Amino acid sequence: MRAMRPRVRVSAVLNRQLMVFIAQRRRPRTGSKLAARISSTSKSHPRTRCLSPSCAMVLIASSSSATFLIYLFSQKVLICIPSPSSPGVHFLQDPRSGVYNFDPYLQRIVHPDEVNFDTFPPYITASKDTALTALATKHKCTFVSSTSSISGALSNVYFMISGGRPIDISRLSQDFTTAATNFTRMTRAPASVIITRRPGTDVFSIDADKSYASGDTILSRLGKSMERMLTATRSEFVQHLSKATPEGDVSRAAEVAKDVPPEAYAYGRSRSLLLRAQLDCVDPRLPRRTFDLKTRATLAIRMDADNYADNTGYHIQYAHGLFSSYEREYYDMLRAAFLKYSLQVRIGHMDGIMVAFHNTQRIFGFQYISLEEMDSSLFGSSAAGDQAFALSMQVLEDVLHKARGAFPGHDILRVTFDSEQGENAVYVEALPDGADPNDLYLERVDPKSKSSIKHDVTRFRVLTTSLVNGKVQLDDSHPSLSPSDTWSLKYSVAPESGRGDHVSWDYYKLRRSQAANRRTSPTEESKAAAAAAAGAVSGFDGKSAPIAPQPPRGLMRTIRKHYVNEEAVNAKTEAAEKTLYTPRFKNDVALGKGGKVLDDGLGQ
């Protein structure tokens with residue numbers, strides 16, 4: 001066991017000088033100069049490691065998806081979402097008066113079936129990002145990853161060292177006095193990543209394990225299309241619709257995709273780990289300027305996403321309360337998403353998140369949540385959050401090195417972090433060359449299967465002891481920190497002696513539980529494929545597919561009591577005269593006398 005203190009006040013992976021390059025409106029030609037550069041130097045982060053501007057230029061100079069908000073605040077776009085500098089909930093439409101606070105065009109969500117996703121640039125994983133590999137080679141980093149890929153593993157490491165620290169819900173109303181203060185089961189579930197050697201280098205990429213992921217669900221598809229809708233003008237977004245760019249029109253889809261500004265990234269290094277964070281939006285008035293954009297489905301949709309069309313009657317109508325309220329959505333985010341969001345914001349040196357609440361058919365409103373606000377509920381303070389993040393990062397890096405050392409001759413590893421019920425276990429599985437890491441391979445790790453390959457799985461135990469101001473904390477307690485306290489850690493990452501059958505059986509049960517909990521795409525084809533896969537796996541009866549677990553019946557019965565008549569609401573919305581509060585800044589929403597909206601954009 002060795003003692004460890006966080007080396008930085010904030011985190012070791014943040015750039016001291018965050019450089020975001022904002023491109024011109026049109027896609028810049030090769031060698032063209034960028035329209036603007038925003039540099040942010042944080043005096044409160046004096047010891048964070050900085051990448052050189054030249055390195056940032058190599059990777060970010062292709063332009064930025066933050067273009068939208070730059071144009072928003074220079075008053076050159078149509079879309080008007082609330083300013084991040086205005087905290088709290090912002091109703092898109094006032095539920096009492098019916099007056100719109102923002103462009104009515106934003107209220108109606110285009111169904112993913114009406115969107116041609118070939119018009120969107122493809123997402124580049126860390127394992128396929130050549131620029132990220134080049135930067136890692138230059139800075140002599142061993143591992144590279146992205147925020148979305150690493151956040152699950154990093155969350156489990158935090159659970160391992162934090163002793164089951166509960167969340168703080170004191171900012172909520174008395175309706176939540178007796179509500180649960182632990183993280184949700186899915187948040188605490190084991191997380192797997194795939195470590196792959198980049199060809200011809202000593203760099204290893206870390207991607208999220210997709211073998212038990214849900215694939216393209218309604219929420220993942222909406223997340224992609226809604227992000228574009230909220231960061232583009234009406235005329236730009238309509239080009240992504242199937243009626244404007246039909247499916248199969250490859251040349252037209254490629255032309256539209258070319259006009260979409262490439263993603264902007266922030267890069268940061270922590271010892272041997274280089275991380276990439278996608279930057280969604282920017283507001284120069286924020287302390288850290290950039291922020292993340294999140295789309296959040298309502299409670300009823302999340303509880304039964306496979307039958308989302310039957311649950312669109314659940315609307316957000318109130319600011320507070322157990323149901324149909326923004327407060328309920330905030331509480332659920334606190335238990336299920338805040339930890340992941342805070343990690344992503346920290347890695348990207350962002351200021352916070354802008355959340356758009358929806359039920360897959362309409363957007364109800366927005367809320368900006370700063371990193372400091374998330375820290376207060378998760379860790380007690382930002383100072384405690386900084387220390388928790390730095391400690392988690394260092395333990396994670398040591399685990400990654402131990403995992404690579406366990407199978408030095410293998411180029412593909414699956415590493416699974418299990419922090420449930422105090423297991424604090426890390427399983428390392430060596431995949432054969434040429435294997436598809438997105439395959440569950442359950443039969444291969446089944447100790448009873450004839451095709452099982454022996455001795456290709458090993459398990460490490462992460463043993464930790466927390467110290468606050470040098471005083472050892474009890475093993476079954478979580479460190480309670482004030483802003484002035486110093487949290488240090490004694491830990492070890494120790495392999496279990498031998499690779500006996502008990503490790504193989506435990507790993508097989510863990511992988512089988514991941515398969516059983518996976519959410520499948522709500523299509524007959526995907527369910528049939530899942531059923532076929534289940535039939536070939538020992539331990540399943542072959543009659544029931546490992547589809548998403550059904551939501552609690554009692555909870556769904558309670559939720560349905562709050563449903564509205566969706567058809568009546570939609571008819572009233574379509575027929576009613578739409579009025580917009582006169583905005584305080586110039587916008588391109590066509591307004592008549594008294595703020596009457598002359599074009600609500602719903603005909604596009």
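Colleague: Which side chain is joined to that of His240 by a polar contact?

Modeller: This is a predicted model: local features need pLDDT of at least 70, side-chain atom pairs pLDDT 80 or more, while totals for chains, interfaces and linings use all residues. Residues are numbered from 1 along each chain as its sequence is written, and side-chain values use heavy atoms, without hydrogens and water. A polar contact pairs N or O atoms within 3.5 Å; within protein, one must be able to donate a hydrogen and the other to accept it, and residues adjacent in sequence count only if both atoms are side-chain atoms. At 2.8 Å, the partner of His240 is Thr119.

Colleague: Is His240 buried or exposed?

Modeller: His240 sits in the loop between helix H7 (234-237) and helix H8 (250-259) (DSSP runs numbered from the N terminus: helices H or I, at least four residues; strands E, at least two). Beyond four places in sequence, its contacts (heavy atoms within 4.5 Å) include Val115, Phe120, Arg228 and Val256. Its relative accessible area is 1%, so His240 is buried (under 20%; exposed is over 50%, partly exposed in between; 1.4 Å probe, protein chains only).

Colleague: Within what arc do the buried residues of H12 fall?

Modeller: Helix H12 spans residues 371-378, and its buried residues are Leu371, Met374, Asp375, Ser377 and Leu378. They line one face of the helix, because the arc (of directions from the helix axis to the C-beta atoms) is 165°.

Colleague: Which helix, spanning 382-406, do the buried residues of H12 pack against?

Modeller: The buried residues of H12 pack against several elements, including helix H4 (147-162), helix H10 (326-336) and strand E13 (363-370). After H12 comes Gly380, with a positive phi near 105°. The 382-406 helix is H13.

Colleague: How do H11 and H12 cross, and which H12 residues make the contact?

Modeller: Their axes come within 10 Å and cross at roughly 135° (lines fitted to C-alpha atoms over the stretch in contact; angles run from 0 to 180 degrees between N-to-C directions). That makes H11 oblique to H12 (under 35 degrees is roughly parallel, over 145 roughly antiparallel, 65 to 115 roughly perpendicular, the rest oblique). H11 contributes Phe338, Leu339, Tyr341, Ser342, Val345 and Arg346; H12 contributes Leu371, Met374, Asp375 and Leu378.

Colleague: How far apart in space are Tyr441 and Tyr508, C-alpha to C-alpha?

Modeller: Tyr441 lies in the loop between strand E15 (425-430) and helix H14 (442-445). Tyr441 is partly exposed, because its relative accessibility is 22%. In sequence, Tyr441 and Tyr508 are 67 residues apart; in space, the C-alpha separation is 10.0 Å.
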